[in-house]
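Please open the structure in your viewer and keep the sequence beside it. This tour moves from one selection to the next and says what is there at each stop.

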Amino acid sequence: MNLYFTPVQKEVLELIRKFHSLRYDQIQTLMDRQHGKKVRGIKAILRQLEQEKLVEWHGNILSVAGKPLRADISAATDIMLRLTAAPEGVIVGKEPFALTFFKERENILYRYDICPVPPGKELIISAQLEQMNPKYRIVIFLLQDIPQREFLAAPCQYRYAVEDNGTYYFYEEERNGIS
């Protein structure tokens with residue numbers, strides 16, 4: 001296969017390879033933010049990559065051809081895009097996290113780890129997090145249902161995110177319940 005790609009086409013393909021599984025709107029947003037302006041022609045680029053069998057659609061999520069769908073990474077990308085306009089140092093798929101990125105707050109670089117929590121795995125995930133370094137770190141537990149929070153803990157700051165009809169709601173633990 002002897003393909004010629006423009007720099008933007010290469011960027012789109014590398015983005016999909018890095019994130020494994022993304023929706024069109026996520027690809028468009030990441031490219032726009034990377035370039036600091038609206039990048040035109042993303043749909044046409046995705047069609048070309050699909051025709052060349054480099055990517056494939058799984059419903060509304062695009063992934064690298066032949067690789068398994070990672071809907072958890074797509075969901076974690078939604079959260080990342082809501083929390084920062086310019087994610088730095090993105091790490092994808094390092095268990096138990098779907099996505100890790102860095103963001104500066106109050107002149108300190110914080111690490112954000114987005115951790116999907118399948119029902120019934122709360123205690124296992126909490127145990128996996130026991131030994132992590134808590135300094136300048138925030139874990140965002142991506143829950144299927146808010147009662148899962150009762151079984152989760154981390155040695156650092158942590159928050160909860162729950163998706164409902166395409167909208168993410170964020171919660172923070174307080175001494176007398178959640179806010």
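Select Arg105 and Tyr110, where the charged end of Arg105 sits over the ring of Tyr110, 4.4 Å from its centre. A charge is said to sit over a ring if NZ of Lys or CZ of Arg is within 6 Å of the ring centre and within 35 degrees of the ring normal. Next select Lys43 and Tyr24, since here Lys43 lies over the face of Tyr24, at 5.0 Å from the ring centre.

This is a predicted model, in which local features need pLDDT of at least 70 and side-chain atom pairs count only at pLDDT 80 or more, while totals for chains, interfaces and linings use all residues. Residues are numbered from 1 along each chain as its sequence is written, and side-chain values use heavy atoms, with hydrogens and water left out.

Now zoom out to the whole chain, which has five helices and 10 strands; helices (H or I, at least four residues) and strands (E, at least two) are DSSP runs, numbered from the N terminus. Along its principal axes the C-alpha trace spans about 60 × 35 × 30 Å. Of the 179 residues, 41% are buried, where buried means under 20% relative accessible area, exposed means over 50%, and partly exposed is in between (1.4 Å probe, protein chains only).

Turn next to the aromatic rings, of which the structure holds five pairs. Rings of Phe, Tyr and Trp (its six-membered ring) pair if their centres lie within 6.5 Å, and planes under 30 degrees apart count as stacked, over 60 as edge-to-face and the rest as tilted. Select Phe101 and Tyr112, a stacked pair with 5.0 Å from centre to centre and 10° between the planes. Phe101 lies in strand β5 (residues 99-105) and Tyr112 in strand β6 (residues 108-117), so this pair ties together parts that are 11 residues apart in sequence. Both Phe101 and Tyr112 are buried.

Then select Phe141 and Tyr160, whose ring centres are 6.1 Å apart and whose planes are at 25°, so this pair is stacked. The pair links distant parts of the chain, with Phe141 in strand β7 and Tyr160 in strand β8, 19 residues apart. Both Phe141 and Tyr160 are buried, and if you add Tyr158 to the selection you will see one aromatic cluster formed by Phe141, Tyr158 and Tyr160.

From there, go to Gln148, which lies in the loop between β7 (137-143) and β8 (157-164). Is Gln148 buried or exposed? Gln148 counts as buried because its relative accessibility is 7%. A polar atom of the side chain of Gln148 lies 2.6 Å from the backbone nitrogen of Gln144. Leaving aside neighbours within four places in sequence, Gln148 is in contact (heavy atoms within 4.5 Å) with Val117, Pro118, Pro119, Glu122 and Leu143.

For the last stop, select His58, whose place is in strand β2 (residues 55-58). With 27% relative accessibility, His58 counts as partly exposed. Which residues should you add to see the contacts of His58, leaving aside its neighbours within four places in sequence? Add Ser63, Lys67 and Leu69, with which His58 is in contact. Finally, display the C-alpha atoms of His58 and Arg23, which are separated by 9.6 Å although these residues are 35 residues apart along the chain.

Key: A polar contact is a pair of N or O atoms within 3.5 Å; within protein, one must be able to donate a hydrogen and the other to accept it, and residues adjacent in sequence count only if both atoms are side-chain atoms.
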